[in-house]
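Let's take a walk through this one together, with the viewer open beside the text. We'll go from a single residue out on a loop to charged pairs, a helix and the nonpolar interior.

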Amino acid sequence: MTKAGKSRKEEETSAAPAADSSVEAPRPPALATAMPTTTVPAPHPASVRIDPLGDLKRTHTCGELSGMDGGRNTVLMGWVHRVRDHGGVLFIDLRDRYGLTQVVARPGETPAAALERLREVGAEWVLAVTGKVQTRPVEAVNRSLPTGEIEVAVQDVLVLSVSDTPPFSISDEGPEASEDLRLKYRFLDLRRERMQKNLVVRHRLALATRQYLSQQDFLEIETPMLVKPTPEGARDYVVPSRVHPGKFYALPQSPQLYKQTLMASGFDRYFQLARALRDEDLRADRQPEHTQIDIEMSFVRENDVFQLVEGLMAHLWRELLKVEVQTPFPRLTYQEAMLRFGSDKPDLRFGLELKDVTQVAGESSARFLQDAAKTEGHKIMALAAVGRANLSRKDLETLEDTARRAGVAGLSWMKRTESGWDGGASRFFVGEAGEKLAAHLQAQNGDVAFLTAGPWETACKGLGAVRLELGRPAIAQRKPEWRFCWVHRFPLFEKTEHGWTPMHHMFTQPLEADIPYLESDPGRVRAELYDLVLNGNELGSGSVRIHRPELQERVMGVIGLTREQAYEKFGFLLDAFRFGAPPHGGIAIGLDRVVMLVVGADSLRDTIAFPKTASATSLMDGAPAEVDPESLAELHLKLDL
C-alpha cells in the first residue's frame, strides 16, 4: 500500500430523468457496444457547422438554477445528456459536472434557426444555450432533481462540438460497460456522475487533510521523484540517465529516506500528498502508482502518532460524511489480532472470534491434531459459528477451499446437536473430549465448529479467511459502520529462504527490550510498527524510526548488508543520523484507499482519474509503449528481448 522497502507493509446525485413521460426521439443513435482500437475514425460530416464561442460567457452551471430564478436570462454550457421529441417540442437535458438542467424548444416560441439547430444534436454534443428560466407547472416538477422546478426556454443555441456515437451509456442509469471498455474511453467514463462524484470526494479529502495538518503546524514539503535505486523491498521503476550513461534513477516507492532526512534537518512536522510507484503485482486495491498521505514527526513516540492520525480520521469523516468517529481507536498487538481474528487487518464489524483450542483438541482421537498439539510453534485454532447448522455440504466445501487457499492443509468442521457433535470430524470428539471442546467454544445446539491446525500464523490465517466468508454477508445489509483499530508490535523481521528480511522496512525501531536479540534471535524481535485498519482494510502503515546510526547499522547487518554496503546504498541517511537526529516516527496512509471506502467503490480504479489495469497498462493512451531507436541510442541502451 504505502510503504517504502517493505515486503508486506508501509507502504458525489444521480441525474434523475425529467418528469416528462414520453418516448425518446431516435436521436442520439443507438449505442455501440464496442469501437475498433486501431481504425482511424471517419471525420465528422462537413454539413455539421461548429459555432465559435466568441465573447459568450456561461452565467450558470447546469446544477445551479432553481425556482427562485424564474424569469432570469441565462447562458448554460454543457453536454447533451438526453434528447426527447414530444410532438415537435424538444426537451434536452444539458449536463455538466454540477448537475443537469432541462432546456426546451417549442415551435412558435423558439426562434426557427435555434429550433432547427437543436433538431440536429445528439448525445454528448457540446452546446451553449441562451434562454430564459421558466418555473415548471406543479405537475411537471421533478422532485428528484435539484433543478427540477425549472426549465430553460431556448432563445439561441451554439453547437460548440459534436460527438461520435458513444461506445457506452454515459448515464449511470444505463447498463454497466465492461471495465476494459470504460478504461479505454476513460474520458467518457469520467463524465459519468458517479465517477465525477468520486473525484470530488477525493479533492475534498485532500483539501481537508491539508487543512487539518496545517492547523497542527505541519509543513507540506515535496521530495524528489528521481531518486537513487535502493534495495527497499518492492521492485523499482527505473529511469535511464541520458547525461550519465549506464546510470539510472528510480521512481520513489515512498519518500521514506527523504522524510527521515527532513527530520534530521529540523523540520519536525512534515507531510506530503506523495506519489509512490512500485513495479509489483496488482489487484483491485493496488495500483503501480498511488497517492499516500505521508506524515513524519520528531520527538514523538507511538502514542503521539496514534493521537494525530485519530484526529485526522475523525476530521475527514466529519467533513466528508458528517459522521462522528469514536476515538481513541482500539489497539491490538499483531499476535492478539492473529489469534482472535486470523488477520493482521481485522474486520471488527462482527464477532466470530477464533479460539486457541490446542490443549483440548489435542485430547481428541485425531492423530493429526495430537501431533499439532505436541509440535512447537503449532496451534489448533477453532471458531464456533452460532446458529449456522443449516450450512449445506456445498457451503462447507466452499469454506474448505477458502481455508486451503489461505495456506492451511485443510479445514475440519462438525455441527453441534442435542446429543453432541455430528458430521465431519465429530468422530474424533466423542465423550469427554467433545464436551471439553464444546465448553471451550461455548457451542450450543445449532452451532458449527471449524478447526485448523499447523504453524500458528498459518492456522490463524486459514481460519481467519473462513471467518470473513461467514461474517461479511451478515453485515452487507446493515448501515455503514466505521470500525477503526490499530494493530501494532509486529515482528521486525520475517524468515525467508534467503535469510531474514524486514516485515516492514529496515528503518523501523525495535522494541528496546528486544534489541539484545537482534543478532542472536532476530525472529524474537518486535518493532514499534503499526497499521491503521478500517473494516478489514489496511489504510496505512507506519513506525517509530531508528535514529541512531549504530542501531541502524546493526539492523542492516541482520538482513545481510555489510557496513560498506550500508553506506554505499544509504550513506546520506546514515550520515544525517551521525550529525544528530531526533527521535521520530510517522505513517503513510493510502489516500486512494480512503476514498474507495468513503464512496463505497469496489476498486481503487474508480477513485483515480487515469488508473492502470491489473497488468499495469493504460488502455486509454497505450502505456507502456515502445521507444523509437533514436531515443534508445541517446540513452545508450540496446534492447535484448
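**A walk through the predicted model**

Lys322 counts as exposed, because its relative accessibility is 69%. Keep in mind that what you're looking at is a predicted model. Lys322 sits in the loop between H6 and E11, and its backbone is a bit unusual: phi is positive, about 60 degrees, although the residue is not a glycine. Most residues other than glycine have a negative phi, and most peptide bonds are trans.

Stay in that loop for the other kind of exception. Pro328 is placed between helix H6 (302–321) and strand E11 (331–333), and the peptide bond joining Thr327 to Pro328 is cis, with omega at about 0 degrees. Another cis bond, again with omega about 0 degrees, joins Ala623 and Pro624. Pro624 belongs to the loop between H15 and H16, a stretch we'll meet again below.

Now try Asn535, in the loop between strand E20 (529–534) and strand E21 (537–544). Asn535 also has a positive phi, near 50 degrees, without being a glycine. Is Asn535 buried or exposed? Asn535 is buried, because its relative accessible area is 7% and the limit for buried is under 20%.

On to the charges. Side chains of opposite charge can pair when their charged atoms come close. Searching the whole structure turns up 48 salt bridges, and Arg182 is a good place to zoom in. Arg182 pairs with Asp189, with the closest N and O atoms 3.0 Å apart, and both of these residues are buried. Arg182 also forms a salt bridge with Asp606, where the closest N and O atoms are 2.8 Å apart. Why does the Arg182–Asp606 pair tie together parts that are far along the chain from each other? Arg182 lies in helix H2 (residues 179–184), while Asp606 lies in the loop between helix H15 (591–599) and helix H16 (629–634), so the pair links parts 424 residues apart in sequence. Arg182 counts as buried because its relative accessibility is 5%, and Asp606 is buried too, with a relative accessible area of 8%.

The loop between H15 and H16 offers one more link of this sort. Glu289 and Lys612 form a salt bridge whose closest N and O atoms are 2.6 Å apart. Glu289 is in strand E10 (residues 289–298) and Lys612 is in the loop between H15 and H16, so this pair bridges distant parts of the chain, 323 residues apart. Glu289 counts as partly exposed at 25% relative accessibility, whereas Lys612 is buried at 15%. Going back to Arg182, salt bridges with shared partners join Glu176, Arg182, Arg186, Asp189, Arg192, Arg194 and Asp606 into one network.

Next, look down the axis of helix H11 (residues 432–441), where the buried residues are Ala433, Gly434, Leu437, Ala438 and Leu441. They span an arc of only 135 degrees around the axis, which puts them on the same side of H11. An α-helix has 3.6 residues a turn, so residues three or four places apart point the same way. Turn to the other side of H11 and you'll find Glu432 and Ala439 exposed. What covers the buried residues of H11? The cover includes helix H8 (358–361) along with strands E12 (355–356), E13 (378–385), E14 (412–417), E15 (420–422) and E16 (448–455). Right after H11 comes Gln442, with a positive phi near 55 degrees.

From here, head into the nonpolar interior. The largest nonpolar core has 51 residues, and the ones with the most contacts inside it are Phe450, Leu463, Val466, Leu470, Leu518 and Met556. Leaving out residues up to four places away in sequence, Met556 touches Met506, Phe507, Leu561, Ala566, Phe570 and Leu574. Another core lies apart from it, with 39 residues, among them Ala208, Leu273, Phe329 and Ile589.

One last check, on the cysteines. How many disulfides are there? The count comes to zero, with a cut-off of 2.5 Å between the sulfur atoms of a pair. Take Cys485: the closest cysteine sulfur to its own is 16 Å away, in Cys460, too far for a bond. Cys485 is buried, at 0% relative accessibility, and Cys62 is likewise buried, with a relative accessible area of 0%.

Conventions. Residues are numbered from 1 along each chain as its sequence is written. This is a predicted model: local features need pLDDT of at least 70, side-chain atom pairs count only at pLDDT 80 or more; totals for chains, interfaces and linings use all residues. Side-chain values use heavy atoms; hydrogens and water are left out. Buried means under 20% relative accessible area, exposed over 50%, partly exposed in between (1.4 Å probe, protein chains only). A salt bridge is a side-chain nitrogen of Lys or Arg within 4 Å of a carboxyl oxygen of Asp or Glu. Helices (H or I, at least four residues) and strands (E, at least two) are DSSP runs, numbered from the N terminus. The arc is that of the directions from the helix axis to the C-beta atoms. Contact means heavy atoms within 4.5 Å. A nonpolar core is a set of buried Ala, Val, Leu, Ile, Met, Phe, Trp, Tyr and Cys residues joined through side-chain atoms within 4.5 Å.
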